[in-house]
Amino acid sequence: MRDVCIVGGGVSGLAASIFTARAGLDTLVVDGGESILARNASLENYPGFPDGVDARRYLQLTREQARNAGATFELGHVTGVEPVDESDLEQGFVLETDGGDPIEARRVIAASWSDSDYLVPLDVGRMQRGSKHFVSVDDAGRTAVDGVYAAGRLADEPHQSIVAAGHGAKVGLAVIHDSDANFYHDWVAPEGYFTGRGREVPPGCEEIDDGERRRRDERARETMLEAFADPLDEQPTMHPSVVDEE
Ligand SMILES: Cc1cc2nc3c(=O)[nH]c(=O)nc-3n(C[C@H](O)[C@H](O)[C@H](O)COP(=O)(O)OP(=O)(O)OC[C@H]3O[C@@H](n4cnc5c(N)ncnc54)[C@H](O)[C@@H]3O)c2cc1C
């Protein structure tokens, strides 16, 4: 049984996985397709990239960050979710995928814009607007079913990547809060920041000395220089109806 299964490895699902995995929760991301961000031609409003970034590169780097944090990935389209024991949701959920073995997880984050059909049997509370369904959540991303959460556009957040990422992170933090993980904030602080005031380093936080700070900066710069050395060959994905007309 995994601690958390995240359905959808797009912008919000990856952000959620970085937080849950870094907090020590056994995190599986299941994705059956590609993020809608793969349709973008140039991502220019995501903070941290002054002249924008190739959206496919952003997704690659975020996946790498999730892997580094300890999340694992499985290819697959989730087709159904049901509780292990209807009368005790603490026992977790079983997720069916097309083709793969069933997955068991204590908690589920639906980050699968624009598909939530697999949640219908759980009665989480879905709203329809036009042809799209959105999942109702509280302000931390919890649905009406204990142990089931929704993140990103699927949770009716604005259709922007930074918002989806921020919401994914927030929902990841709610999952951490609701689990047994001992956690304060996911912070990396300079040596002495807490201990210099006679305080213990809080759970989830880390103090690093200057040598370690420089080592991490060196590794981070190498990763980014390599990642941005060459342009990507991949093209943005066109809207399906344009492709059909062609
Ligand atoms: C043409 C275009 C340009 C855009 N440009 C910008 C921009 O410039 N700036 C900006 O901020 N935003 C932009 N966006 C919006 C941005 O892409 C989305 O707001 C953001 O990707 C939403 O994140 P998400 O995690 O909710 O969904 P997604 O990133 O789409 O992730 C959802 C993931 O769930 C997976 N999935 C779906 N169903 C299942 C299932 N049943 N089982 C398993 N996996 C499943 C999908 O394969 C996908 O990987 C653009 C969107 C489009 C279409």
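**Figure 1. Two domains in one predicted chain.** The domain assignment splits the protein chain into domain 1, residues 2-183, and domain 2, residues 185-246. The model shown is predicted. From the C-alpha centre of domain 1 to that of domain 2 is 20 Å. Where the two touch, domain 1 supplies 14 residues and domain 2 supplies 9 residues.

**Figure 2. The side of domain 1 that touches domain 2.** Two elements give two or more residues each to this side: helix 1 and helix 2 (55-69). Helix 2 gives the largest share, 3 residues. By residue type, this side of domain 1 holds 6 nonpolar, 2 polar and 6 charged residues.

**Figure 3. The protein chain as a whole.** Count the elements along the chain: there are 5 helices and 11 strands. The radius of gyration is 19 Å, and the globule rule gives 18 Å for 246 residues, so the chain is as compact as a globular protein of that length. Along its principal axes, the C-alpha trace spans about 55 × 50 × 30 Å. Of the 246 residues, 34% are buried. Now take the contacts with a separation of 6 or more: 56% of them join residues 24 or more positions apart.

**Figure 4. The shell around the ligand.** The ligand has 35 residues around it. Gly8, Gly10, Ser12, Gly33 and Gly152 come nearest. Helix 1 (11-22), strand 2 (27-31) and helix 3 (161-178) are the elements that each give two or more residues to this shell. Sorted by type, the shell has 13 nonpolar, 16 polar and 6 charged residues.

**Figure 5. Residues 3-35, a span named in a database record.** An unreviewed UniProt entry lists this span as "domain: FAD-dependent oxidoreductase 2 FAD-binding". In the model, residues 3-35 are 36% helix and 30% strand. The C-alpha atoms at the two ends of the span lie 24 Å apart.

**Figure 6. The loop between strand 6 and strand 7.** Most peptide bonds are trans, and most residues other than glycine have a negative phi. This loop has an exception to each pattern. Trp113 and Ser114 are joined by a cis peptide bond, with omega about 10 degrees. Ser114 sits in the loop between strand 6 (103-110) and strand 7 (126-129). Asp123 belongs to the loop between strand 6 and strand 7 as well. The phi of Asp123 is positive, near 55 degrees, and Asp123 is not a glycine. Is Asp123 buried or exposed? Asp123 is exposed, because 10 other C-beta atoms lie within 10 Å and a residue with 12 or fewer counts as exposed.

**Figure 7. The loop between strand 9 and helix 3.** Asp156 lies in this loop. Asp156 is not a glycine, yet its phi is positive, about 70 degrees. Asp156 has 17 C-beta neighbours inside 10 Å, so it counts as partly exposed. His159 is also placed in the loop between strand 9 (148-150) and helix 3. His159 has 11 C-beta neighbours inside 10 Å, so it counts as exposed.

**Figure 8. His159 and Asp115.** How far apart are the C-alpha atoms of His159 and Asp115? The separation is 15 Å. Along the chain, His159 and Asp115 are 44 residues apart.

Terms used:
Residues are numbered from 1 along each chain as its sequence is written. This is a predicted model: local features need pLDDT of at least 70, side-chain atom pairs count only at pLDDT 80 or more; totals for chains, interfaces and linings use all residues. A residue is near a molecule or strand if its C-beta atom, placed from the backbone, lies within 6 Å of it. Helices (H or I, at least four residues) and strands (E, at least two) are DSSP runs, numbered from the N terminus. Ala, Val, Leu, Ile, Met, Phe, Trp, Tyr, Cys and Pro count as nonpolar, Asp, Glu, Lys and Arg as charged, and the others, Gly among them, as polar. The radius of gyration is taken over C-alpha atoms; the globule rule is 2.2 Å times the number of residues to the power 0.38. A residue is buried if 20 or more other C-beta atoms lie within 10 Å of its own, exposed if 12 or fewer, and partly exposed in between; C-beta atoms are placed from the backbone. Two residues are in contact if their C-beta atoms, placed from the backbone, lie within 7 Å. UniProt positions are given in the numbering used here, feature names are shortened, and annotations may be inferred rather than shown by experiment. Domain bounds come from an automatic or database domain assignment.
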